[in-house]
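User: I'd like to learn how to read a model feature by feature. Please give me the general idea each time, then the case at hand.

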Amino acid sequence: MTFDKILSHPSILAFVEENKFKAPTGIQSLVIPDFIKGRSVNVIAKTGSGKTLCFALPICELLKEAEETRGV
């Protein structure tokens, strides 16, 4: 799996590439699609598994999409 399969906004994908994130971790692959669809998620995983990006990336993507929708 790659980030472009679970994220779509060009600026978020550029951020991922610039920071050399190669592929989503297992937990990211599971959580990000549900988060973007507006589903409730509860994540329990080891330190270093990528939990922070499970929430940060989709939040940023949804905010960018909202900005564009409103013309900001």
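Analyst: Let's start with Thr69, which lies in helix α4; helices here are DSSP runs of H or I with at least four residues, strands are E runs of at least two, and both are numbered from the N terminus. This is a predicted model, in which local features need pLDDT of at least 70 and side-chain atom pairs count only at pLDDT 80 or more, while totals for chains, interfaces and linings use all residues. Residues are numbered from 1 along each chain as its sequence is written, and side-chain values use heavy atoms, leaving out hydrogens and water.

User: Is Thr69 buried or exposed?

Analyst: Relative accessible area settles that: under 20% is buried, over 50% is exposed, and in between is partly exposed, with a 1.4 Å probe and protein chains only. Thr69 counts as exposed because its relative accessibility is 71%. The side chain isn't without a partner, though: one of its polar atoms lies 2.8 Å from the backbone oxygen of Glu65. For a long-range distance, take Thr69 and Ala14, which are 55 residues apart in sequence and 20 Å apart in space, C-alpha to C-alpha.

User: What is the mean confidence in the chain?

Analyst: Look at pLDDT, the predictor's confidence in each residue, on a scale from 0 to 100. The chain averages 93, and 99% of the residues score at least 70. Confidence is lowest in α4, at a mean of 93, and highest in α2, at 96.

User: How do I read helix packing, and at what angle do α2 and α4 cross?

Analyst: You fit axes as lines to C-alpha atoms, for helices over the stretch in contact, and take the angle between N-to-C directions, from 0 to 180 degrees. Here α2 (residues 10-18) and α4 (residues 51-70) cross at roughly 150°, and their axes come within 9 Å. On the α2 side, Ser11, Ile12, Phe15 and Val16 make the contact, and α4 brings in Leu57, Cys60, Glu61 and Lys64; contact means heavy atoms within 4.5 Å. By type, that's 5 nonpolar, 1 polar and 2 charged residues. The nonpolar class is Ala, Val, Leu, Ile, Met, Phe, Trp, Tyr, Cys and Pro, the charged class is Asp, Glu, Lys and Arg, and the others, Gly among them, are polar.

User: Glu61 is on that list. Is Glu61 buried or exposed?

Analyst: Glu61 is classed as buried because its relative accessible area is just 2%. To see what its side chain does there, check for polar contacts: pairs of N or O atoms within 3.5 Å, where within protein one must be able to donate a hydrogen and the other to accept it, and residues adjacent in sequence count only if both atoms are side-chain atoms. The Glu61 side chain reaches the backbone nitrogen of Ser8 at 3.0 Å and that of His9 at 3.2 Å. Setting aside neighbours within four places in sequence, Glu61 is in contact with Leu7, Ser8, His9, Ile12 and Ile36. Leu7 sits 54 residues away along the chain, yet the two C-alpha atoms are separated by 7.5 Å.

User: Where is His9, then?

Analyst: His9 is in the loop between α1 (3-6) and α2. His9 is a loop residue, but still buried, at 8% relative accessible area. Its side chain makes a polar contact with that of Glu68 at 2.7 Å. Not counting residues up to four places away in sequence, His9 touches Glu61, Lys64, Glu65 and Glu68.

User: How many disulfides does the structure hold?

Analyst: The test is a pair of cysteine sulfur atoms within 2.5 Å. The structure holds 0 disulfides. The Cys60 sulfur can't bond to the closest cysteine sulfur, in Cys54, because 13 Å is too far. Cys54 is buried, at 0% relative accessible area, while Cys60 is partly exposed at 37%.

User: Which residues of α3 are buried?

Analyst: Ile27, Gln28, Ser29, Val31, Ile32 and Phe35 are, and their cover includes α1 and α4. From α4, Phe55 touches Phe35, Val41 and Val43, leaving out residues up to four places away in sequence. Phe55 itself is partly exposed, at 28%.

User: Where does phi turn positive?

Analyst: Just after α3, Gly38 takes a phi of about 85°. Lys20, which isn't a glycine, also has a positive phi, near 60°. Lys20 lies in the loop between α2 and α3 (26-36) and is exposed, at 62%.
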